[in-house]
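Open the model in your viewer and keep the sequence panel beside it. This tour goes stop by stop: select, look, move on.

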Amino acid sequence: MHRADSSPHAPAVGGAPLFAPSAVGCAFADLPTSFYTRVAPRPLTDSWLAHANPDAAGLLELDAAALRTPEFLALCSGAGRLPGIDPVATVYSGHQFGVWAGQLGDGRAHLLGDVRGPQGRWEVQLKGSGRTPYSRMGDGWAVLRSSVREYLASQAMAGLGVPTTLALALTASSDPVIRETQETAAVVTRLAPSFVRFGHFEHWARSATEQAALLDHVVEHWFQDCREGPADRPDRPATACRLLEEVTRRTARLMAQWQLVGFCHGVMNTDNMSILGLTLDYGPYGFMDAFQANHVCNHSDTLGRYAWNAQPAVAQWNLTRLAESLLVLGCAAPDLEAALAPFERTFLQAYHAGLAQKFGFADWRPQDADLGDAWWALLHAQRADFTLAFRRLADVGADAQPWLDLFADAGAARQWLDRYRARLTDDPRPQAQRKAAMDRVNPLYVLRNHLAQQAIEAAGQGDSSEIDRLMALLRDPYAWRPGHEADARPPAPDVPVVAVSCSS
Ligand code: AMP
Ligand code: MG
């Protein structure tokens, strides 16, 4: 690990330091220097802390008072440093929209280092913090609009129990940034145990030495159970296959969770796939309102490659690219194929178990597959609201009308409901108990695009109260709260559709 002798931007303002030097490090920088470049973030000017997330802060043992200090603002706007640690930008490659894109990398992200907290080490990364050697044609900035979206989505997914990178802080400024129009710059400070992507492995697909170093790093820190062979003579091909199998399982379970909350990532390029199985890089994502199986949330995705119903297969395709990058370690192709094989079984198991819970069944039976297919067909045909269709299902025992109101063709909905009720008679739980269990897995509030849009517009005026309100709501999206009825509803027909694209 490299420690800077002195840092020109070390917090100079008085007060206790945010972190003890003994709690910080930068494990990634233990890798050979070909993996990264030491590069300083470019601090935002006139920055203000639009929001800080106390849950994420707690993971770093930062209390509410610490979040109000100038040192915290400095850290999250690119001016501060973890004590003694030089920030780095990392290099990776990837397939974008199915095509090999060559070298990419942290073009506007800086890894400040990692901090040890009560639950382990967390990498602290700034996104939108200026140019790096990997910026290519980009300006290194992120706009407030996309930063608010990333900040809120991280909380929404965490609240839903979906593995995700976490957002620690959102810093805004008046620095102008040119996109389709002129916007302003912002920085999201994010946390994850690791930001290593499939793309990091793809980058070293032809370099056995570096690939071995990356494998060793990832296995040492996050996948110790995958290690094969004695410590002094690791069996890297076998270890790589075990790692691939574990990443395959995690990714398959993640896809099941995305599908079950109606989340569309929007840009499932291999460089946006986390090796830890986290949801990573929130850009033109969307939580569906009206269900459409082939819904495409990203307006830049003209061919619909990343449609909702394509996501599991895309994840599998991406895992295959990861597998190919491991060939350089001497892995045999059939062994890599065997490591990829559990995807479908793992996905279906998690998906069926999750769907059973959402339907209020004690277990999933093979004959439920027809009912599940009919469910999606019904929602798709009538463009019923994804979130409310599940949520209101818990009440059909007492009063089916609110659920039926979600469907234009109530007759078709009633037909499905008859089959569903027949299935429930096999299930011994009392109705109240079933409803309570269903309400714990079917959220009432999701981050609908129009809600994020309201928060973006207010933040653009310097008002982060809407972000604060949504953060509290999304932290526990299952509990009904008085006064939040509108937040549970799909957008009214006269609300303009929010078009999201790769522009960020
Ligand atoms: P994304 O589509 O956001 O996953 O980004 C793909 C690649 O483009 C990554 O290497 C990013 O770091 C880089 N990138 C995206 N936006 C910018 C920007 N404004 N400036 C520099 N690099 C960027
Ligand atoms: Mg990305």
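Helices here are DSSP runs of H or I with at least four residues, numbered from the N terminus. By that rule, Leu-474 lies in helix α17, residues 465–475. Bear in mind throughout that this is a predicted model.

**Stop 1: Leu-474**

Select Leu-474 and show its surroundings. Is Leu-474 buried or exposed? Its relative accessible area is 2%. The cut-off for buried is under 20%, so Leu-474 counts as buried. Leaving out residues up to four places away in sequence, Leu-474 touches Leu-152, Gln-155, Ala-156, Gly-159, Tyr-445, Val-446 and Leu-447. Now add Leu-417 to the selection. Leu-417 is 57 residues from Leu-474 along the chain, and their C-alpha atoms are separated by 30 Å.

**Stop 2: the magnesium ion**

Select ligand 2, the magnesium ion. Which protein atoms are its donors? They are OD1 of Asn-272 and OD of Asp-281, lying 2.0 to 2.2 Å from the ion. Asn-272 and Asp-281 are both buried.

**Stop 3: Gly-266**

Go to Gly-266, in the loop between β12 (263–264) and β13. Gly-266 is buried, with a relative accessible area of 1%. Beyond residues up to four places away in sequence, it touches Pro-284, Cys-297, Asn-298 and Tyr-306. Then select Ser-501. In sequence, Gly-266 and Ser-501 are 235 residues apart; in space, their C-alpha atoms are 8.6 Å apart.

**Stop 4: Phe-97 and Tyr-306**

Tyr-306, a contact of Gly-266, leads to the aromatic rings. The structure holds 30 aromatic pairs. Phe-97 and Tyr-306 form one of them, a tilted pair with 5.1 Å between centres and 40° between planes. How many residues apart are the two partners? The answer is 209, so the pair links distant parts of the chain. Phe-97 is in the loop between β5 (93–96) and β6 (99–103), and Tyr-306 is in the loop between β13 (286–287) and α8 (311–325). Phe-97 counts as partly exposed, at 30% relative accessibility. Tyr-306 counts as buried, at 1%.

**Stop 5: Phe-291 and Trp-376**

Next, show the rings of Phe-291 and Trp-376. Their centres are 5.0 Å apart and their planes meet at 40°, so this pair is tilted. Phe-291 lies in the loop between β13 and α8, whereas Trp-376 is in helix α11 (residues 368–382), so the pair ties together parts 85 residues apart in sequence. Phe-291 is buried, with a relative accessible area of 1%. Trp-376 also counts as buried, at 10% relative accessibility.

Now widen the selection. Phe-291 and Trp-376 belong to one aromatic cluster, together with Trp-308, Phe-359, Phe-361, Trp-375, Phe-386, Phe-390, Trp-403, Phe-407, Trp-416 and Tyr-420. Add Arg-423: its charged end sits over the ring of Phe-361, 4.0 Å from the ring centre. For another case, select Arg-305 and Trp-317. There the charged end of Arg-305 sits over the Trp-317 ring, 4.7 Å from its centre.

**Stop 6: helix α11**

Trace α11 from end to end. Its 15 residues should span 21 Å at 1.5 Å a residue, and the end C-alpha atoms are 21 Å apart, which agrees. Which residues of α11 are buried? They are Asp-368, Leu-371, Gly-372, Ala-374, Trp-375, Trp-376, Leu-378, Leu-379 and Gln-382. These buried residues pack against α10 (342–359), α12 (386–391), α13 (401–404) and α14 (410–424). Just after the helix, Arg-383 takes a positive phi of about 50°.

**Stop 7: helix α7 and Gln-259**

Finish at α7. It has 26 residues and reaches 37 Å from first C-alpha to last, close to the 38 Å expected at 1.5 Å a residue. At the start of α7, a side-chain oxygen of Asp-235 comes to within 3.2 Å of the backbone nitrogen of Ala-238. After α7 comes Gly-262, with a positive phi near 70°.

Select Gln-259, which is in α7 (residues 236–261). At 3% relative accessibility, Gln-259 counts as buried. A polar atom of its side chain lies 2.9 Å from the backbone oxygen of Trp-308. Neighbours within four places in sequence aside, Gln-259 is in contact with Trp-308, Asn-309, Gln-311, Pro-312, Phe-347 and Phe-386. Trp-308 and Phe-386 take you back to the aromatic cluster of Stop 5.

Technical notes: Residues numbered from 1 in each chain as written. Chains lettered and ligands numbered in written order. Predicted model: local features only at pLDDT ≥ 70, side-chain atom pairs only at ≥ 80, totals over all residues. Heavy atoms only, no water. Donors = N, O, S within 2.8 Å, 3.2 Å for Na, K, Ca; no water. Buried < 20%, exposed > 50% of the residue type's maximum accessible area, 1.4 Å probe, protein only. Phe/Tyr/Trp six-rings, centres within 6.5 Å; stacked < 30°, edge-to-face > 60°. Helix = DSSP H or I, 4+ residues; strand = E, 2+ residues; numbered from the N terminus. Lys NZ or Arg CZ within 6 Å of the ring centre and 35° of its normal. Polar contact = N/O pair within 3.5 Å; in protein donor to acceptor, adjacent residues only side chain to side chain. Contact = heavy atoms within 4.5 Å. Expected span 1.5 Å × (residues − 1).
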